[in-house]
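The following questions ask how certain terms apply to one protein model. Each answer sets a value against a definition and draws the conclusion.

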Amino acid sequence: MLNVLNLYAFARGIYVAFISVFGAVGKITRHAAFWQELASINIAELWEDINCPVLSLWGESDFVSAKEDHQRVARLVNQQHPGTAEFQIVGKSDHSFCQVASFRQSYERDYEAVYNPIFAQMLITWLSQYAS
């Protein structure tokens, strides 16, 4: 059974560690010291310790992170807990799950970007597998 409190706590930690790295429009905005500290953390080890369902999503127009990074998250979790993690691609989306047609459009977008509802639809479908 999915432990929602543990999942929430971990998700919040991941948010703080990763999402806050990038500015509102996906441009890198952190000082070099931040990147040095982040590089000192064994991210793979953190993912290997996860023992709950994981959905690793990557927007097909995400220039911020590589598809392979998101695939690796699922692979790392599944190595320790087979069948626990899944990787999916969110079409026409960037790192912030906003609607964009290309990497270039994602990079050049402004604060008026439109959220891609496909993301929520995929998430709800995935979560429904664990609803009791």
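Q: How do you know that the predictor has little confidence in residues 1-6?
A: The pLDDT, which is the predictor's confidence in each residue on a scale from 0 to 100, stays under 50 over residues 1-6. For this stretch the model has five contacts beyond four places in sequence, a contact being heavy atoms within 4.5 Å. This is a predicted model, in which local features need pLDDT of at least 70 and side-chain atom pairs count only at pLDDT 80 or more, while totals for chains, interfaces and linings use all residues. Residues are numbered from 1 along each chain as its sequence is written, and side-chain values use heavy atoms, with hydrogens and water left out.

Q: Which elements have the lowest and the highest mean pLDDT?
A: Helix 1 (residues 4-17) has the lowest, 49, and strand 2 the highest, 97. Helices (H or I, at least four residues) and strands (E, at least two) are DSSP runs, numbered from the N terminus. The protein chain as a whole averages a pLDDT of 81.

Q: Why is Asp94 called buried?
A: Buried means under 20% relative accessible area, exposed over 50%, and partly exposed in between, with a 1.4 Å probe and protein chains only. Asp94 has a relative accessible area of 1%, and is therefore buried. Asp94 is found in the loop between strand 2 and helix 5 (103-108). Beyond four places in sequence, Asp94 touches Gly59, Ser61, Asp62, Val100, Ser106 and Arg109.

Q: What makes the residues Asp94 and Cys98 a polar contact?
A: A polar contact is a pair of N or O atoms within 3.5 Å; within protein, one must be able to donate a hydrogen and the other to accept it, and residues adjacent in sequence count only if both atoms are side-chain atoms. The backbone nitrogen of Cys98 lies 2.9 Å from a polar atom of the Asp94 side chain.

Q: How do you know where the buried residues of helix 6 lie around its axis?
A: In helix 6 (residues 117-128), the buried residues are Phe119, Met122 and Trp126. Seen down the helix axis, they fall within an arc of 70°, so they line one face of helix 6; the arc is that of the directions from the axis to the C-beta atoms. An α-helix has 3.6 residues a turn, so residues three or four places apart point the same way. Gln121 and Ile124, on the other side of helix 6, are exposed.

Q: What do the buried residues of helix 6 pack against?
A: They pack against strand 1 (54-59) and strand 2 (85-90).

Conventions:
Expected span 1.5 Å × (residues − 1).
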